[in-house]
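Thank you all for coming; I would like to take a few minutes to walk through a structure that may be new to most of you. Please have a look at it first, and then we will go from the whole chain down to some single residues.

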Amino acid sequence: MLPVVAVHGGAGTIPKEKEREMAVCAGMRDAARASYGVLKAGGSAVDAVVEAVRLLEDNPLFNAGRGSVLTVNGGVEMDAIVMDGRTLASGAVAAVKRVANPVKVARLVMDKTSHMCLAADSALQFAKEMGIPEVSEESLKTDYAVMRWQKNLAPDADPVVSQMGKMGTVGAVAVDVEGNIACATSTGGFINKMDGRVGDTALIGCGAYADNRVGAVSPTGYGEAIMKVTLARLIIFYMEQGKSAEEASDLGLAYMKERAQGLGGVVTVDSRGVWAARFTSLQMAWAAAQDDVIHYGLFHGEDFTQPAQQQS
Ligand code: ASP
């Protein structure tokens, strides 16, 4: 069954525009296909998840990298994380500004420092020292993100409802040909969040977890709820108790909904390469690649397929 990769494009709802839905699904398939290519060529699970997330950060349709939602003051502050299931090594950036690909900086934190997370200006400084160019904040903003920021400044606006009305955080889980497991997640966070807010995505066990002995999880959804139940680690725990990737994902998401009133979604994989894409939100864009087939969907119950060689 190996190798396998599964990606998500955030829990929520896509505005009722057929074109946007199709573009989001194509973005998912492209990321899964490229990442699967890395795995088929013998690349590591870490390489594969970073490549998938990098592509989605570059895609302005998603709330990560370019296309990130804005802070209440109109800035762009991003969180990202990578985890390597071989060693439990992990690297993250929190509230980082002015980098195109936070996931690359997260990987450098994992590979080149003895720490797990660098934040804000110091994360940018570290990125520059590692040769990652600084980009302008404007280059990360899309017209769509600016429009939503303005809308949510209204006194009666509810940014949490608004966020669940549009998806976008991105993530990936993968198992490579050697059976090594990894995951990565990246986000602009929550719409109109306070400056300096750090969400689940930067936190190990919340926005990501990977362990070669069990599997990997990349969540999306209301970060303040994900953190309360440490969602990624909770799902891994259910898998340790013998639940399948799908059952464990459903149990973790149901617990979060009941205990923390939070909706969300996950892509999950176990050590044998069995994958699941599950969500309690109305929609979650996802795609998975295995055995030269791309699976993808958006609404509950969907599982469309396409040969991996076919271009979107
Ligand atoms: N979990 C992200 C955050 O709270 C948002 C999302 O997944 O849409 O920052």
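Let me begin with a term: a residue is called buried when its relative accessible area is under 20%. By that cut-off, buried residues make up 58% of the 312 residues in this chain, and I should say early on that what you are looking at is a predicted model.

As for the chain overall, it contains ten helices and 13 strands, and its C-alpha trace spans about 50 × 45 × 40 Å along the principal axes. For 312 residues a compact globule would have a radius of gyration near 20 Å, and the chain, with 17 Å, agrees with that. If we take the contacts between residues at least 6 apart in sequence, 66% of them join residues that are at least 24 apart. The accessible surface comes to about 12200 Å², and 52% of that surface belongs to carbon and sulfur atoms.

Let me turn to the interior, where the largest nonpolar core has 56 residues, and where V7, V82 and V99 are the members that touch the most others. Helix α2, residues 45-58, gives this core its largest share, namely eight residues. Apart from this core lies another one, of 41 residues, which includes A6, I181, Y209 and V267. Coming back to V7, and leaving aside residues up to four places away in sequence, we find that V7 touches M28, A32, A52, G171, A172, V267, A285, W286 and A287.

Next, which residues of helix α3 are buried? In this helix, residues 102-112, they are P102, V103, V105, A106, L108, V109 and M110. These buried residues pack against α2 and α4 (120-129), and also against the strands β2 (78-84), β3 (89-96), β4 (117-119) and β6 (181-187).

Finally, I would like to point out T169, where UniProt, in an unreviewed entry, places the feature "active site". T169 sits in the loop between α7 (159-164) and β5 (170-175). Is T169 buried or exposed? Its relative accessible area is 9%, and because buried means under 20%, T169 counts as buried. Not counting residues up to four places away in sequence, T169 touches H8, G9, G10, N63, T185, S186, T187 and T220.

Key
Residues are numbered from 1 along each chain as its sequence is written. This is a predicted model: local features need pLDDT of at least 70, side-chain atom pairs count only at pLDDT 80 or more; totals for chains, interfaces and linings use all residues. Side-chain values use heavy atoms; hydrogens and water are left out. A nonpolar core is a set of buried Ala, Val, Leu, Ile, Met, Phe, Trp, Tyr and Cys residues joined through side-chain atoms within 4.5 Å. Buried means under 20% relative accessible area, exposed over 50%, partly exposed in between (1.4 Å probe, protein chains only). Helices (H or I, at least four residues) and strands (E, at least two) are DSSP runs, numbered from the N terminus. Contact means heavy atoms within 4.5 Å. UniProt positions are given in the numbering used here, feature names are shortened, and annotations may be inferred rather than shown by experiment. The radius of gyration is taken over C-alpha atoms; the globule rule is 2.2 Å times the number of residues to the power 0.38. Accessible areas come from the Shrake-Rupley method with a 1.4 Å probe; for residues, only the protein chains shown count as cover.
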